[in-house]
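Work through these exercises with the model open beside you. Each task is followed by a stepwise solution.

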Amino acid sequence: MTRAVWLKADDEVGDWDARRRRITTGLEAGVDWVLVDREDVEQVRELGQVNVAAFGTNDRRISESDDEADESDRAKPDATIVGKDSEGDGTLDLPGEHSGSADISRLQRANGHTSGVFVRIREQAYESFAETAAADAEYTIVVGEDWKIIPLENLIARIGDETTLIAGVQTADEARTAFETLEHGADAVLLDTDDPDEIRKTVQTRDAAERETLDLVWATVTAIEQTSSADRVCVDTGNLFEHDEGMLVGSMSRGLFFVHAETAESPYVASRPFRVNAGAVHAYVRTPDGSTKYLSELKSGDEVQVVDTEGNTRETVVGRAKIERRPMFRVQAEVNGDMIETLLQNAETIKVATADGRKSVTDLAVDDEVLVYYEDTARHFGETVEESIIEK
């Protein structure tokens with residue numbers, strides 16, 4: 001499930017200078033959407049690349065016809081949101097029957113244009129209104145007032161699969177709660193704050209909610225031997241690694257070895273805290289979506305998965321893949337009665353995680369325990385498959 005952060009930046013925030021400051025902070029932090037008033041769409045696009053949603057007005061149809069036909073593409077929003085200054089936010093009274101709702105009628109006339117609804121949950125009637133509107137809305141934004149968690153729980157349970165459900169929040173802590181509610185959580189949050197720290201922390205919360213935690217296990221080294229030279233790959237990334245981080249690589253897709261990034265200082269070689277010397281070109285490396293790629297396939301702009309020794313993951317972008325011919329070690333280990341192996345360069349700077357701490361591959365010995373990620377599945381083009389594949 002992909003989470004998203006929307007940033008509220010309409011006229012309730014203040015004048016354009018105030019809105020622009022908030023939007024710029026959001027763009028720098030990495031928000032996914034900005035929600036503004038219709039007249040600000042083109043100005044937002046001039047600030048940077050981001051999805052732009054815009055509140056419609058009571059007298060404007062969502063459909064791209066009539067007055068919208070003359071607008072430039074840059075002035076058109078990626079999604080139009082109804083409900084502001086209308087029934088959704090309580091400016092106009094809710095109709096006795098939802099079939100009489102002007103907001104819902106406008107959603108039904110969207111004619112294929114991406115649309116959404118904004119609802120302030122003032123009382124139970126608005127929760128019911130949001131539930132009905134969600135049937136016609138691609139995006140359903142709900143902002144709680146006195147009650148926040150209970151209405152969100154109800155809507156996740158009732159409409160979570162019908163629409164992209166977006167919960168209004170003002171802090172990163174509220175965003176975390178929204179993403180975790182009923183385990184499934186909201187699909188996105190609409191953040192309403194000027195605080196740069198809260199904006200950045202909310203984006204970090206989104207990223208953390210996206211990431212998986214892996215169950216790393218110990219494997220016992222059964223053989224380590226020098227081999228002839230091979231083409232090995234250094235993966236240089238656009239981010240710095242923490243001391244306990246590295247990548248998962250291996251000759252067998254079912255068993256990947258934890259290889260440390262070159263963060264350690266050495267009396268002979270400067271550290272390269274952006275690099276993992278990952279092994280030979282044939283080896284697999286794990287990617288953020290849980291699939292694998294061959295090291296030989298990696299190129300600038302690709303994403304690979306970073307993992308720490310506790311199994312926490314994040315993603316990073318490849319800056320370059322550096323391939324050179326080097327002498328190698330073959331490392332074989334046993335896990336769950338199965339033999340896995342990989343080729344690593346014969347050099348003191350290449351380190352793996354062992355039960356005794358970080359250890360250079362040149363110091364590795366039989367019976368050492370090394371950290372690995374093991375899954376008893378086969379892979380086809382990097383994806384797990386239910387079939388028998390022999391790797392040896």
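Helices and strands here are DSSP runs, numbered from the N terminus, with at least four residues for a helix and at least two for a strand. The model is predicted.

**Exercise 1. Place Gly112 and classify its exposure.**

Step 1. Find the flanking elements. Gly112 sits in the loop between H3 and strand E5 (115-121).
Step 2. Apply the cut-off. Exposed means over 50% relative accessible area. Gly112 has 77%, so Gly112 is exposed.
Step 3. Check a distance. From C-alpha to C-alpha, Gly112 and Ala270 lie 57 Å apart in space. In sequence, 158 residues separate Gly112 from Ala270.

**Exercise 2. Is Glu87 buried or exposed, and which residues does Glu87 contact?**

Step 1. Locate Glu87. Its place is the loop between strand E4 (79-82) and helix H3 (102-108).
Step 2. Compare with the threshold. Buried means under 20% relative accessible area. Glu87 is at 6% and therefore counts as buried.
Step 3. List the contacts, leaving aside neighbours within four places in sequence. Glu87 is in contact with Leu92, Asp93, Leu94, Pro95, Gly100, Ser101, Ala102, Asp103, Tyr126 and Phe129.
Step 4. Add a distance. The C-alpha atoms of Glu87 and Tyr139 are 16 Å apart, with the two residues 52 apart in sequence.

**Exercise 3. Examine the phi angles of Asp85 and Asp367.**

Step 1. Recall the background. Most residues other than glycine have a negative phi.
Step 2. Read the angles. Asp85 has a positive phi of about 55°. For Asp367, phi is positive at about 85°. Asp85 is not a glycine, and Asp367 is not a glycine.
Step 3. Place the residues. Asp85 is in the loop between E4 and H3. Asp367 is in the loop between strand E19 (357-360) and strand E20 (369-374).
Step 4. Classify exposure. Asp85 has a relative accessible area of 45%, so Asp85 is partly exposed. Asp367 is at 60% and therefore counts as exposed.

**Exercise 4. Describe how H4 packs with H5.**

Step 1. Take the geometry. The axes of helix H4 (residues 124-133) and helix H5 (residues 149-159) cross at roughly 25° and come within 11 Å.
Step 2. Name the arrangement. Angles under 35 degrees count as roughly parallel. H4 and H5 are therefore roughly parallel to each other.
Step 3. Give the handedness. The crossing of H4 past H5 is right-handed.
Step 4. Identify the residues. From H4, Glu127, Ala130 and Glu131 meet Pro151, Asn154, Leu155, Arg158 and Ile159 of H5.
Step 5. Sort them by class. This contact of H4 with H5 has four nonpolar, one polar and three charged residues.

**Exercise 5. Repeat the analysis for H1 and H7.**

Step 1. Take the geometry. Helix H1 (residues 16-29) and helix H7 (residues 196-210) have axes 9 Å apart, packed at an angle of about 35°.
Step 2. Give the handedness. H1 and H7 make a right-handed crossing.
Step 3. Identify the residues. Arg22, Thr25, Gly26 and Ala29 of H1 meet Pro196, Ile199, Arg200 and Val203 of H7.
Step 4. Sort them by class. The contact of H1 with H7 divides into four nonpolar, two polar and two charged residues.

**Exercise 6. Which residues touch the most other members of the largest nonpolar core?**

Step 1. Take the core. It has 41 residues, of which Val31, Val34, Val36, Val44 and Leu152 touch the most other members.
Step 2. Expand one of these. Not counting residues up to four places away in sequence, Val44 touches Trp16, Ile23, Val34, Val36, Val50 and Val52.
Step 3. Look beyond this core. Another core, of 33 residues, lies apart from it, with Val249, Phe257, Leu295 and Val372 among its members.

Technical notes:
Residues are numbered from 1 along each chain as its sequence is written. This is a predicted model: local features need pLDDT of at least 70, side-chain atom pairs count only at pLDDT 80 or more; totals for chains, interfaces and linings use all residues. Side-chain values use heavy atoms; hydrogens and water are left out. Axes are lines fitted to C-alpha atoms, for helices over the stretch in contact, and angles run from 0 to 180 degrees between N-to-C directions. Angles under 35 degrees count as roughly parallel, over 145 as roughly antiparallel, 65 to 115 as roughly perpendicular and the rest as oblique. A crossing is left-handed if the near helix is turned anticlockwise from the far one by less than a right angle, and right-handed if clockwise. Contact means heavy atoms within 4.5 Å. Ala, Val, Leu, Ile, Met, Phe, Trp, Tyr, Cys and Pro count as nonpolar, Asp, Glu, Lys and Arg as charged, and the others, Gly among them, as polar. A nonpolar core is a set of buried Ala, Val, Leu, Ile, Met, Phe, Trp, Tyr and Cys residues joined through side-chain atoms within 4.5 Å. Buried means under 20% relative accessible area, exposed over 50%, partly exposed in between (1.4 Å probe, protein chains only).
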